[in-house]
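Student: I am new to this structure and would like a close look at a single part, the surroundings of the ligand. Please take me through that part in one connected answer.

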Amino acid sequence: MLTFEHVHFYYKKGQPIIEDMSFTIGDGEFVSIVGANGCGKSTVAKLIDGLLTPTTGRIKLEQLDTSRPEDLHRIHEQIGYVFQNPEDQFITTTVMDEIIFGMENIRVPKEEMQDRVIHALSAVQMLDYAGAMPHQLSGGQKQRIAIAAIIAMRPQIIIFDEATSMLDPHGREQVLSIMRDLHRKGKTIIHITHHMEEALCADRILLIHQGKLVYDGDPLRFFETVPVSDYQLEPPFTVRVHRMLRSSVPLSADWKEMIRSQWSISSMM
Ligand SMILES: Nc1ncnc2c1ncn2[C@@H]1O[C@H](COP(=O)(O)OP(=O)(O)O)[C@@H](O)[C@H]1O
Ligand SMILES: [Mg+2]
């Protein structure tokens, strides 16, 4: 379990970035963190991972505390972080080395590495690319290798920080499908996004606005009750259609009329 207790954070004194944030994420949850550009999502991700520490307040992973330097190694073993830009992920020269590099960082025993590499590359359907070099891969493939490197480290929590935002629709769908798969296998998934369609994959949405947590709850109630455009977010297509239908089609309309009006509304959007 991950807990934020009244977390405040600033990069520069007098300019608060995260203000009095408290929440708990249980093991095996799939949570989306959403909010406008610059609202503090990546800062929250880095605080979770212990890359940043709270100015005041506390962040705990079970009994570990990100503000205690002696706990950081075990925190890094438990939390994986997939960044936005697949171009930034590669540190080594081949796919295989990349995955080994991550495991070496958390001191995985040598004799376990081969099994873990095979399992991780299979999980992202990239086993045939073990010897490939980064420049031979598409953006989506690079992102899948970054995810494989994390899978091989076997963390409980994986943070995807806008990890789909630079991918084409196919790459994006593959990464989302890997996320769902990891969730089914019991991992805790924290998906940071400003694509509201993607936020619908989650069991729970956290909305951040100017460094404060302003919504924490299930996605359906979120879209029913939160005026997302006030937060520079666009409602998912299905929600927009639903709203327009509700306001433009009488409830007694038969299905043909519903479909006809849905098409004419969608073609206007
Ligand atoms: N290293 C940094 N130093 C100073 N300010 C920063 C730094 N990183 C981010 N910020 C500022 O913190 C705020 C939140 O940024 P960030 O967490 O990256 O937002 P998001 O991920 O939601 O776009 C922004 O105003 C940003 O300019
Ligand atoms: Mg960000």
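Tutor: What follows goes from the ligand outward to the helix and the sheet. The model is a predicted one.

Ten positions need finding first. Tyr-11, Ile-17 and Ala-36 belong to the residues around ligand 1, together with Asn-37, Gly-38, Cys-39, Gly-40, Lys-41, Ser-42 and Thr-43. Sorted by class, this shell holds four nonpolar residues, five polar ones and one charged one.

Several backbone atoms face oxygen atoms of the ligand. For Cys-39, a backbone N or O atom is 3.3 Å from an oxygen atom of ligand 1. For Gly-40, a backbone N or O atom lies at 3.1 Å from an oxygen atom of ligand 1. A polar backbone atom of Ser-42 is 2.9 Å from an oxygen atom of ligand 1. On its own, ligand 1 exposes 560 Å², and the protein buries 57% of that.

Helix H1, residues 41-49, supplies the largest share of the shell around ligand 1, with three residues. H1 also leads to the sheet: the helix lies across strand E1 (2-12), E2 and E4, and runs at about 120° to E1.

The sheet is open and consists of four strands in the order E2-E1-E4-E5, with antiparallel pairing. Strand E2 (15-25) and strand E5 (64-65) are at the edges; each has a single partner strand, so one side of each is left without a neighbour in the sheet. At the E5 edge, strand E4 (residues 56-61) pairs with E5 in the antiparallel sense over two bridges. Lys-60 stands opposite Asp-65 in E5.

Methods
Residues numbered from 1 in each chain as written. Chains lettered and ligands numbered in written order. Predicted model: local features only at pLDDT ≥ 70, side-chain atom pairs only at ≥ 80, totals over all residues. Heavy atoms only, no water. Near = heavy atom within 4 Å. Polar contact = N/O pair within 3.5 Å; in protein donor to acceptor, adjacent residues only side chain to side chain. Areas by Shrake-Rupley, 256 points an atom, 1.4 Å probe, with all protein chains shown as cover. Nonpolar A, V, L, I, M, F, W, Y, C, P; charged D, E, K, R; others polar. Pairing = 2+ DSSP bridges. Contact = heavy atoms within 4.5 Å. Axes fitted to C-alpha atoms, helices over the stretch in contact; angles between N-to-C directions.
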